[in-house]
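Student: Before we go through the assignments, could you show me the sequence and the model together? I would like to test each term against its definition.

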Amino acid sequence: MNHLIVLGTGHAGVTKCYNTCFALANENNEYLLVDAGGGNGILAALEKAGIGLTKIHHVFVSHKHSDHLLGIVWIIRMIASSMLSGQYQDNLKIYCHEELIDNIITLVEATLDEKLTDLIGSRIILVPVTDGQSENLLGQNFTFFDIHSTKVKQFGFTVKLSNGKILTFLGDEPFNQLCKRYVLNSDWLLCEAFCLYNDRKKFKPYEKHHSTVKDACELAALLNVKNLVLWHTEDTNITHRKELYTAEGKKYYCGNLYVPDDLNVITL
């Protein structure tokens, strides 16, 4: 597992980029999809990234907010159709916390044909994960953890990559000290940064239970993170987002700082 493909970088209300979601790829061009954004824009993002649905056999959904969950309906619809036509081999496994399984089933049963939803439980497997549970995905050992969200139940994960580096996905809320053992000394940290600290009065991230660039960078410095990826941002000045976020972040963090655009590929 050596590449991170950025499919979207924005928060729920963006219009100039897609909602934050990404894929991890291994050397066999097999993919783990992490969240799916808020709609069928996930299909366009995957197409532009050159990721075929037949290469996705594992999906992780972090929580039930619309900008992370609704795209999974389209993933299930398209993959289930491919299964029925004989174009998709093996099964699809969707990993999420137990409460989220009910949300996904409710969504797909309300929106998809029965011939597609009948595959749930046989070829589309919803796998519940608990705090601290480990699963082997694409040959790597993932440990899922509760991020102790202040809004809705949400999970992140940490994984030791094939090159020995540790990657940790913290979801889309501020760091909780209860997760320190998963984040400390990570080689890669994927972290939300709703806006610049200087723009906090305009965007009110703290009222929305989110972080700023300054907060995320101070966290990475404190916990000895070597590479920090910032996303789940506002998009009002997306043309200059990378330079603005980088300039503010470098005041608080001296490691490698990434502020990706949609469809960027990061070598891990």
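Student: How do you know that L189 in β11 is the bridge partner of T168, and what makes β10 and β11 a pair?

Tutor: L189 is the residue of β11 that bridges to T168, and strands β10 (residues 166-169) and β11 (residues 188-192) are joined in the parallel sense over three bridges. Two strands pair if DSSP finds at least two bridges between them, a strand being a DSSP run of E with at least two residues, numbered from the N terminus, so three bridges satisfy the criterion. This is a predicted model, in which local features need pLDDT of at least 70 and side-chain atom pairs count only at pLDDT 80 or more, while totals for chains, interfaces and linings use all residues. Residues are numbered from 1 along each chain as its sequence is written, and side-chain values use heavy atoms, leaving out hydrogens and water.

Student: Why are β7 and β13 said to stand at the edges?

Tutor: The open sheet runs β7-β8-β9-β10-β11-β12-β13 with mixed pairing; β7 (134-137) and β13 (256-258) each have a single partner strand, so one side of each lacks a neighbour in the sheet.

Student: Why is S62 called buried?

Tutor: Buried means under 20% relative accessible area (1.4 Å probe, protein chains only), with exposed over 50% and partly exposed in between; S62 has 0%, so S62 is buried.

Student: What makes the link between S62 and H63 a polar contact?

Tutor: The term requires a pair of N or O atoms within 3.5 Å, one able to donate a hydrogen and the other to accept it within protein, and residues adjacent in sequence count only if both atoms are side-chain atoms. The side chains of S62 and H63 are joined at 2.8 Å, so the contact qualifies.

Technical notes:
Helix = DSSP H or I, 4+ residues; strand = E, 2+ residues; numbered from the N terminus.
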